[in-house]
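Some terms used for protein structures rest on cut-offs. The turns that follow take a few of them and ask what earns each name.

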Amino acid sequence: MRMHVSQAKRMALLGVMAAVAIVFLLLGTIIPVNTLFFTAAAAFLAGMAAVLFGGRLGFAFYAACGTLDFFLNPNKLHVLLYLMLAGYTLLSEIIWKGMEKNPDGAPDSAFAGRKKEWIHRGIRFILFLILYVPLLLFVPELLVSADIGEHRWFYVIMLAVGLIAWIIFDLAYVICKRFLLKIWKEKVRE
């Protein structure tokens with residue numbers, strides 16, 4: 001019986017997190033000035049779902065929120081932005097979990113400490129480039145007005161701005177993750 005109660009609490013927390021994420025995504029559309037802020041907050045929750053409940057439930061959370069956002073959000077470009085940011089946090093957490101284990105399942109002492117963190121940062125940077133460069137090339141109107149996107153210098157400047165934004169986003173996610181883990185980790189284990 002205890003196991004079923006614990007599982008029900010975990011599912012309830014996951015459902016509340018999904019509802020909050022959808023509210024953030026819709027607020028990002030309603031209040032255009034804060035689109036990136038609210039979309040990033042919703043994406044943070046996708047990463048937290050993977051941290052708290054594992055990759056499978058994290059991916060289910062990502063798929064459910066992405067689907068609901070597609071049907072509820074009138075601005076489909078914001079849906080694409082959410083899918084990219086949430087996909088980044090989700091994949092980042094799945095990769096981190098994968099780095100914790102050897103292929104045989106034993107903890108890996110060679111990846112201890114700072115070396116592991118720097119390798120993970122490099123992987124996250126490559127992941128960012130894989131997601132951001134196509135966005136910049138194929139959907140620049142998501143970032144700026146169409147008139148500016150026609151100039152060649154736009155891409156160089158937007159790549160630099162994107163790198164700065166990625167550093168801020170990644171740092172904000174790490175801080176948010178630490179804060180939320182302090183609050184939710186005990187609730188999930190009960």
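**Terms and their grounds**

Q: How do you know that the span of α3 agrees with its number of residues?
A: The expected span of a helix is 1.5 Å times one less than its number of residues. For the 18 residues of α3 that gives 26 Å, and the end C-alpha atoms are 25 Å apart, so the two agree. Helices here are DSSP runs of H or I with at least four residues, strands are runs of E with at least two, and both are numbered from the N terminus. The model is a predicted one, in which local features need pLDDT of at least 70 and side-chain atom pairs pLDDT 80 or more, while totals for chains, interfaces and linings use all residues. Residues are numbered from 1 along each chain as its sequence is written, and side-chain values use heavy atoms, without hydrogens or water.

Q: Which residues of α3 are buried?
A: Gly-58, Phe-61, Tyr-62, Cys-65, Gly-66 and Asp-69. They cover an arc of only 125° around the axis, so they lie on the same side of α3; the arc is that of the directions from the helix axis to the C-beta atoms. The face turned away from this buried side carries the exposed residues Arg-56, Phe-59 and Phe-71.

Q: Why is Asn-73 called buried?
A: Buried means under 20% relative accessible area, exposed over 50%, and partly exposed in between (1.4 Å probe, protein chains only). Asn-73 has 1%, so Asn-73 is buried. This residue lies in the loop between α3 (55-72) and α4 (76-99).

Q: What makes the pair Asn-73 and Thr-29 a polar contact?
A: A polar contact is a pair of N or O atoms within 3.5 Å; within protein, one must be able to donate a hydrogen and the other to accept it, and residues adjacent in sequence count only if both atoms are side-chain atoms. The side chains of Asn-73 and Thr-29 make such a contact at 2.7 Å.

Q: What makes the pair Glu-93 and Lys-177 a salt bridge?
A: A salt bridge is a side-chain nitrogen of Lys or Arg within 4 Å of a carboxyl oxygen of Asp or Glu. For Glu-93 and Lys-177 the N to O distance is 2.9 Å. Glu-93 is in helix α4 and Lys-177 in helix α6 (residues 153-189), 84 residues apart.

Q: Why is Arg-124 called buried, and Glu-117 partly exposed?
A: Arg-124 has a relative accessible area of 6%, so Arg-124 is buried. Glu-117 has 23%, and is therefore partly exposed.
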